[in-house]
Amino acid sequence: MACIVSTSQAVRVAPAVDTRSARAAPAVSAHLPSKKAFAGKAVDFARGCRTSVAHSALSTGRTRVVASAKIGARPWAEHDARLVMKDGSIFTGISFGAKGTVVQEVVFNTSLSGYQEIMTDPSYAGQAVCFTCPHIGNVGINADDMESSKAWLGGAIIRSLSPMVSNYRSVKSLDQFLTEQGVIGITDVDTRELTRRIRDQGALVGVISTDKSKTDAELLAMANDWSIDGVDYLSKVTCAAPYEWKDPTIAEWEYPLADQAMAAPKYHVVAYDYGIKTNILRRLASYGCKVTVVPGKFPAADVMAMNPDGVFFSNGPGDPSAAPWAVENAKFILGKVPTFGICMGHQVMGQAFGATTYKLPFGHHGGNHPIGTPSGRIEISAQNHNYAVDPKTLPKGVVVTHTNLNDGTNAGMVWAEKKAMTIQYHPEAAPGPHDADVSFANFVGMMEADMAVAK
């Protein structure tokens with residue numbers, strides 16, 4: 001089940017598998033537009049059948065009936081795409097979205113909803129996402145659930161693409177959206193087998209291709225030659241220039257914990273954009289913050305010249321060690337004003353503290369991760385990261401405040417002397433539970449206390 005899929009980061013070796021010989025043919029009705037359409041094609045198919053009677057030459061004298069079918073176009077989609085994993089496993093499926101070939105790190109996400117938010121989260125740059133929820137696409141795509149301006153993931157791997165869209169906010173289908181975004185999708189894949197393989201062996205590089213001219217061996221060679229480690233993805237997803245954000249969470253979706261945004265925001269927060277999500281900005285605004293978003297490499301001295309009440313370090317994709325410039329900026333700011341880091345920001349601040357980071361076998365991706373908090377309250381959290389901060393390397397004064405209860409990894413830190421707090425998951429959810437929204441209140445409280453001392 002999805003809720004227990006990431007309870008351990010232990011890795012074991014599993015043999016490669018070729019699903020072309022291990023799986024049955026795709027279900028007919030799963031990829032048809034409607035029952036009516038299926039019925040029509042079935043009638044056409046039946047009309048093409050001819051039955052002939054032949055007499056057996058056997059001594060029994062029995063008559064045998066031979067059904068001679070006039071085979072035309074099948075009423076279901078054929079497998080026309082492949083996913084070739086670095087371990088040699090081959091999964092075939094039906095393509096949707098864009099066509100072509102892409103190499104990415106393959107991870108699985110256990111969220112049961114919010115596929116649009118996941119696909120538009122810049123933290124997924126460089127990764128193809130295997131959705132453990134089997135039914136994807138049923139609510140289409142809408143304008144409000146975009147976590148950035150585009151889809152950032154490299155590929156979508158799903159079990160079943162919904163044949164119809166039913167949601168009052170939908171403006172287009174998932175197939176249309178991914179086609180426009182240039183993202184390759186593959187459906188009718190055995191995602192349970194793929195998830196087990198990633199969970200047992202660790203994150204694997206995979207190649208999704210609709211190109212029939214490429215052999216399996218060529219695709220496997222592409223997987224073996226590619227790596228996400230050490231690549232600076234933060235520079236790829238950050239904004240080009242500073243901008244101001246004022247819009248709070250849409251009233252229809254506002255949480256009861258936060259007050260509505262003040263007419264005149266009380267706090268000025270400068271947010272480093274390493275791939276920041278729209279709903280992080282909305283939550284900060286809902287807590288009374290005027291947010292100035294700056295590019296990832298914006299000089300720390302220039303940030304401090306803006307006279308912020310607090311500085312925020314955002315989520316982002318890839319390896320934190322590939323962006324030493326981000327760590328240097330954080331070091332410069334630490335202790336001067338309250339700081340708050342989420343996900344990549346947590347890792348960047350961890351390195352700025354003096355700690356080291358390491359890669360998890362298959363990461364944390366989903367909306368069901370339990371977190372232990374200082375009060376003893378357990379938060380169910382939304383997470384998306386492949387790296388963690390090693391608590392053994394933290395300096396004196398830094399307290400690990402939050403712990404991932406699945407595997408005991410560091411999920412949050414506070415360095416009171418430096419006015420710094422971090423969490424390794426997504427308090428804004430989008431998608432996911434709202435348990436951790438209190439983190440924004442804690443950051444605001446830290447700024448409030450610092451402003452009181454300054455007076």
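How many disulfides does the structure hold? The count is 0 in this predicted model. A disulfide is a covalent bond between the sulfur atoms of two cysteines. Two cysteines were examined for burial. Cys289 is buried, with a relative accessible area of 1%. Cys239 has a relative accessibility of 15%. Because the cut-off for burial is under 20%, Cys239 also counts as buried.

The protein chain has 455 residues, and 54% of them are buried. Its secondary structure comprises 12 helices and 21 strands. Contacts were then considered for pairs with a sequence separation of 6 or more. Of these contacts, 77% join residues 24 or more positions apart.

In soluble globular proteins, nonpolar side chains tend to be buried together. The largest nonpolar core here has 30 residues. Within this core, the residues with the most contacts are Tyr272, Tyr274, Val303, Phe313, Ile333 and Phe353. At least two core residues come from each of E13, H9, E15, H10, H11 and strand E20 (410–415). Another core lies apart from this one and has 29 residues. Its members include Tyr267, Val293, Ile342 and Phe440.

Phe353 illustrates the contacts made by one residue of the largest core. Neighbours within four places in sequence were set aside. Phe353 then touches Leu334, Leu394, Pro395 and Val398, among others. Its contacts also include Met413, Trp415, Ala420 and Thr422.

Helix H10 spans residues 324–333. Its buried residues are Trp325, Ala326, Val327, Asn329, Ala330 and Ile333. Ile333 is also among the residues with the most contacts inside the largest core. The buried residues of H10 pack against three helices and three strands, as follows. The helices are H7 (234–237), H9 (300–305) and H11 (344–353). The strands are E13 (267–273), E15 (310–313) and E16 (339–342). Just after H10, Gly335 adopts a positive phi of about 90°.

Pockets were examined next. Rolling a probe the size of a water molecule over the atoms shows where empty space is left. The largest pocket has a volume of about 610 Å³. Its lining consists of 31 residues. Glu117, Asp145, Arg169, Ala430 and Pro431 lie nearest the pocket centre. Helix H3 (115–119), strand E7 (135–136) and helix H8 (278–286) each give two or more residues to the lining. By class, the lining has 11 nonpolar, 12 polar and 8 charged residues.

Note on methods. Residues numbered from 1 in each chain as written. Predicted model: local features only at pLDDT ≥ 70, side-chain atom pairs only at ≥ 80, totals over all residues. Heavy atoms only, no water. 1 Å grid on protein atoms, 1.4 Å probe; cavity = no way out; pocket = protein on both sides within 12 Å on 5 of 7 lines; lining within 4 Å. Points joined across faces, edges and corners; volume = space filled by probe spheres on them. Helix = DSSP H or I, 4+ residues; strand = E, 2+ residues; numbered from the N terminus. Nonpolar A, V, L, I, M, F, W, Y, C, P; charged D, E, K, R; others polar. Buried < 20%, exposed > 50% of the residue type's maximum accessible area, 1.4 Å probe, protein only. Contact = heavy atoms within 4.5 Å. Disulfide = S-S within 2.5 Å. Core = buried A, V, L, I, M, F, W, Y, C linked by side-chain atoms within 4.5 Å.
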